[in-house]
Amino acid sequence: MAGAYQTGIYRNVLKECGYDETAIGERLEQTFETIFYGTEAQRFYHEAGGDMAYLEDTGNHDVRTEGMSYGMMVCVQLDKKAEFDRLWNCLLYTSPSPRD
């Protein structure tokens, strides 16, 4: 049995539950816009410097790698390359260098 990667057919659980595909897409875009570009009170995404951004852990008011990785995965799934690149650049900048 071939999986989604081989077939190119990916499961949409919300559609399987009866939600309209257009409504699902609109809600995903609205949620992305709120989390990434909403008001200061709404958003978790914060640009830093010219080419970096981070996702705030709202419980601790800092940055966690887990949140950054979830944010990058959302960017990949929604084809948001500019936002992905900013998050990636921040991780590269803040990560310790490997030791020789």
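Here are three short exercises, with worked solutions, on a predicted model.

**Exercise 1. Helix H3**

Task: Work out how the end-to-end distance of helix H3 (residues 21-37) compares with the expected span, and which residues of H3 are buried.

Solution:
- Start with the length. Helix H3 has 17 residues, and at 1.5 Å a residue these should span 24 Å. The expected span is 1.5 Å times one less than the number of residues.
- Now check the model: the end C-alpha atoms of H3 are 24 Å apart, which agrees.
- Next, look for residues with under 20% relative accessible area, the cut-off for buried. In H3 these are Ile24, Phe32 and Phe36. Seen down the helix axis, the buried residues fall within an arc of 80°, so they line one face of H3.
- Ask what this face meets: the buried residues pack against helix H2 (13-16), strand E1 (45-48), strand E2 (52-57), H4 and H5.
- Turn the helix around. Glu26 and Arg27 are exposed, on the face directed away from the buried side.
- Finish at the start of H3, where a side-chain oxygen of Asp20 comes to within 3.2 Å of the backbone nitrogen of Thr22.

**Exercise 2. A buried lysine**

Task: Find where Lys80 sits and which residue is its salt-bridge partner.

Solution:
- Locate the residue: Lys80 is in the loop that runs between helix H4 (65-77) and helix H5 (81-94).
- Judge its exposure. Lys80 has a relative accessible area of 16%, so this residue counts as buried.
- List its contacts. Apart from neighbours within four places in sequence, Lys80 touches Glu29, Phe32, Glu33 and Cys75.
- Pick out the charged pair: Lys80 and Glu29 form a salt bridge, with their closest N and O atoms 3.1 Å apart. Because Glu29 belongs to helix H3 and Lys80 to the H4-H5 loop, the pair ties together parts 51 residues apart in sequence.
- Compare the partner: Glu29, at 32% relative accessibility, is partly exposed.

**Exercise 3. Other salt bridges**

Task: State how many salt bridges the whole structure holds, then examine some of them.

Solution:
- The total from a search of the whole structure is 8 salt bridges.
- Take Glu21 and Lys15, whose closest N and O atoms are 3.0 Å apart. Glu21 is partly exposed at 48% relative accessible area, and Lys15 is partly exposed at 44%.
- Move on to Arg43 and Glu40, joined by a salt bridge of 2.5 Å, N to O. Here Arg43 is partly exposed at 21%, whereas Glu40 is exposed at 53%.
- End with a network: salt bridges link Asp57, Asp62 and Arg64.

Methods. Residues are numbered from 1 along each chain as its sequence is written. This is a predicted model: local features need pLDDT of at least 70, side-chain atom pairs count only at pLDDT 80 or more; totals for chains, interfaces and linings use all residues. Side-chain values use heavy atoms; hydrogens and water are left out. Helices (H or I, at least four residues) and strands (E, at least two) are DSSP runs, numbered from the N terminus. Buried means under 20% relative accessible area, exposed over 50%, partly exposed in between (1.4 Å probe, protein chains only). Contact means heavy atoms within 4.5 Å. The arc is that of the directions from the helix axis to the C-beta atoms. A polar contact is a pair of N or O atoms within 3.5 Å; within protein, one must be able to donate a hydrogen and the other to accept it, and residues adjacent in sequence count only if both atoms are side-chain atoms. A salt bridge is a side-chain nitrogen of Lys or Arg within 4 Å of a carboxyl oxygen of Asp or Glu.
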